[in-house]
2 protein chains.
Amino acid sequence: MIRKNADLLQYITEKLLKESEDTIIAQSFSSGEKIVDQKKRVFSVYIIKSGITKCYLTEDNGVDFIQEFFGEGEIFGELEAINGEVSFCCIEAINAVEVYKIEASYFDQLLEKDITFNKHILKALSKKLTYTAVRHAYNQSHTLEDNLLRLIHQFPTLIDEISKQDIANYLGITPRSLNRVLSTIKP
Amino acid sequence: MIRKNADLLQYITEKLLKESEDTIIAQSFSSGEKIVDQKKRVFSVYIIKSGITKCYLTEDNGVDFIQEFFGEGEIFGELEAINGEVSFCCIEAINAVEVYKIEASYFDQLLEKDITFNKHILKALSKKLTYTAVRHAYNQSHTLEDNLLRLIHQFPTLIDEISKQDIANYLGITPRSLNRVLSTIKP
DNA sequence: CGCGTAATTGAAAAGTATCAACACTGGTGG
DNA sequence: CCACCAGTGTTGATACTTTTCAATTACGCG
């Protein structure tokens, strides 16, 4: 499912209007570009203005696993800014993507001085955590068919927007299995 | 794996000494008791002083899936306090458990007024999220044998402390499969 | 048209669940 | 002291699900 965070996007947009400094800058990426790379240091926090990215890990055995698809208002790089570790996942643009980029040091300042911003981040983190936990519990406890039906129900147009390979990587299965199950539930 | 958070426990312990009010109170639970129930409102935030709890979801098909085992210093109930939703999981004592209990309203106050506490929570959330994401990516991308070896490597005494059924629920498999794989890697 | 990428499919192999039967353990009461 | 019981763990046989792998088709674009 493609995650969104309208509240955060609105807050950042308004914030940008008030502070005309260059602490928050816009940046563009085209399809296939990596915005954040795995196991590298991250110096900025990003909030998506438009477009879709995938957040995925490449495992030691070469398998890609997609954590989430990020849409408008979703934030990334914040985990690395908060705990100072290298990124554990890779963020890649799926189509044309525009982001707001915040320097990590300024992000820290905002967390300390702007209570509303702080609350937005706390909420964003807790929503991400809830979503991740619930999704994985469902994934592990249900059949492939249930998982696919749930995905289609939550986001009917996903199959048109995202490649089969990516959907398979999101569900943690092979494209072959995806096709087999799709053919059993479609007709 | 059993998660811990020494920093947070230390901070709360010190905080408790300074403020001798009844805003943070100690509470005990015995093995099998539910501390937080699924899909219920939560009015407090808990930090584990001693003992082990399991954090699990019961799915609509009756399957239990264990998210994490919580040890000393781990916090729960904070997600519900932050976003105001009902609990999505159940917290149950595995052995004798002592916790510090913080009223949700006081927790909110602390977040606003105590910057250090706020940072502790931000770090706790981001660590939980990183851990959850990495674990599930690994789980979905590797064989059962790899998952089990990883678990044993991370926490060698787990099998002695926790029931087979719980370990199976943690890995998202049946006890039968757990036994089969155990017998292939042990001798 | 021809090329590269993505999508599709079949058949065999590997992995996992299901289910029922059996073993082990500690506690209880006759 | 033994029989019984409940909970937990173990195991084998079978059915089902998913992966693997290779071959084939479909599609977009210079």
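Which domains does the domain assignment give for chain A? In this predicted model, the legends below take you through the answer and then on to how the two chains meet.

**View 1. The two domains of chain A.** The assignment gives domain 1, covering 2-140, and domain 2, covering 142-187. If you look for the C-alpha centres of domain 1 and domain 2 of chain A, you will find them 25 Å apart. Where the domains touch, domain 1 of chain A supplies 11 residues and domain 2 of chain A supplies 10 residues.

**View 2. The side of domain 1 of chain A that touches domain 2 of chain A.** Three names are worth finding here: β5 (53-58), β6 (64-70) and α4 (115-141) of chain A are the elements that give two or more residues to this side. The largest share, 4 residues, comes from β6(A). Sorted by class, this side of domain 1 of chain A has 8 nonpolar, 1 polar and 2 charged residues.

**View 3. Chain A laid on chain B.** A turn of 180 degrees, with a shift of 0.0 Å along the axis, lays chain A on chain B with an RMSD of 0.0 Å. The two copies are therefore related as by a two-fold rotation axis.

**View 4. Around the rotation axis.** Which residue of chain A comes closest to the rotation axis? Look for L129(A), whose C-alpha is at 2.8 Å from the axis.

**View 5. Where the copies meet.** Of the interface residues of chain A, 100% are also interface residues in chain B, so the copies meet through the same surface.

How values were computed
Residues numbered from 1 in each chain as written. Chains lettered and ligands numbered in written order. Predicted model: local features only at pLDDT ≥ 70, side-chain atom pairs only at ≥ 80, totals over all residues. Least-squares fit on C-alpha atoms with pLDDT ≥ 70 in both. Contact = placed C-beta atoms within 7 Å. Domains from an automatic or database assignment. Nonpolar A, V, L, I, M, F, W, Y, C, P; charged D, E, K, R; others polar.
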